[in-house]
Amino acid sequence: MTDIHNASAVPSLPAMKIYDWYDGPYPARVRIALAEKGLLSEVEFIPVNLWKGEHKKPEFLAINYSGTLPVFSAE
């Protein structure tokens with residue numbers, strides 16, 4: 001019999017999201033800090049393409065009105 005309250009038995013998505021771009025200096029600092037704390041596997045990274053201007057689109061500006069990266073979101 002399995003325990004339905006056992007959290008390890010149910011796979012879940014990361015509760016933390018970070019919107020970033022691989023080439024940015026500030027997102028790199030966040031990734032380094034997360035790696036040092038061993039938290040990279042607990043974060044979902046969502047790429048925002050700066051070269052294509054995705055950070056200036058209304059969908060992203062609704063998340064971060066200044067259009068800068070990285071952006072942290074906890075659900």
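In this predicted model, a good place to start is Ile18, whose bridge partner in β3 is Phe72. That bridge belongs to the wider pairing of β1 and β3, which run in the antiparallel sense and are joined over 4 bridges.

Stepping back from this pair, the reader finds an open sheet of 3 strands in the order β2-β1-β3, with mixed pairing. Because β2 and β3 (71-74) stand at the edges and each has a single partner strand, one side of each is left without a neighbour in the sheet. From one strand to the next, the twist averages 20°. Across β1 and β2 lies the helix α1, which runs at about 150° to β1.

The side chains add further detail, beginning with Arg31, which lies over the face of Phe45 at 3.7 Å from the ring centre.

Aromatic rings also meet one another, and the structure holds 4 aromatic pairs. In one of them, the rings of Trp21 and Tyr22 have centres 4.8 Å apart and planes at 55°, so this pair counts as tilted. Trp21 is buried, with a relative accessible area of 11%, whereas Tyr22, at 57% relative accessibility, counts as exposed. Tyr22 also forms an edge-to-face pair with Trp51, at 5.9 Å centre to centre and with 80° between the planes. Since Tyr22 lies in the loop between β1 (16-20) and α1 (25-37), and Trp51 in the loop between β2 (43-47) and α2 (58-61), their pair ties together parts that are 29 residues apart in sequence. Both Tyr22 and Trp51 are exposed, and together with Trp21 they form one aromatic cluster.

Notes: Residues numbered from 1 in each chain as written. Predicted model: local features only at pLDDT ≥ 70, side-chain atom pairs only at ≥ 80, totals over all residues. Heavy atoms only, no water. Phe/Tyr/Trp six-rings, centres within 6.5 Å; stacked < 30°, edge-to-face > 60°. Buried < 20%, exposed > 50% of the residue type's maximum accessible area, 1.4 Å probe, protein only. Helix = DSSP H or I, 4+ residues; strand = E, 2+ residues; numbered from the N terminus. Lys NZ or Arg CZ within 6 Å of the ring centre and 35° of its normal. Pairing = 2+ DSSP bridges. Axes fitted to C-alpha atoms, helices over the stretch in contact; angles between N-to-C directions. Contact = heavy atoms within 4.5 Å.
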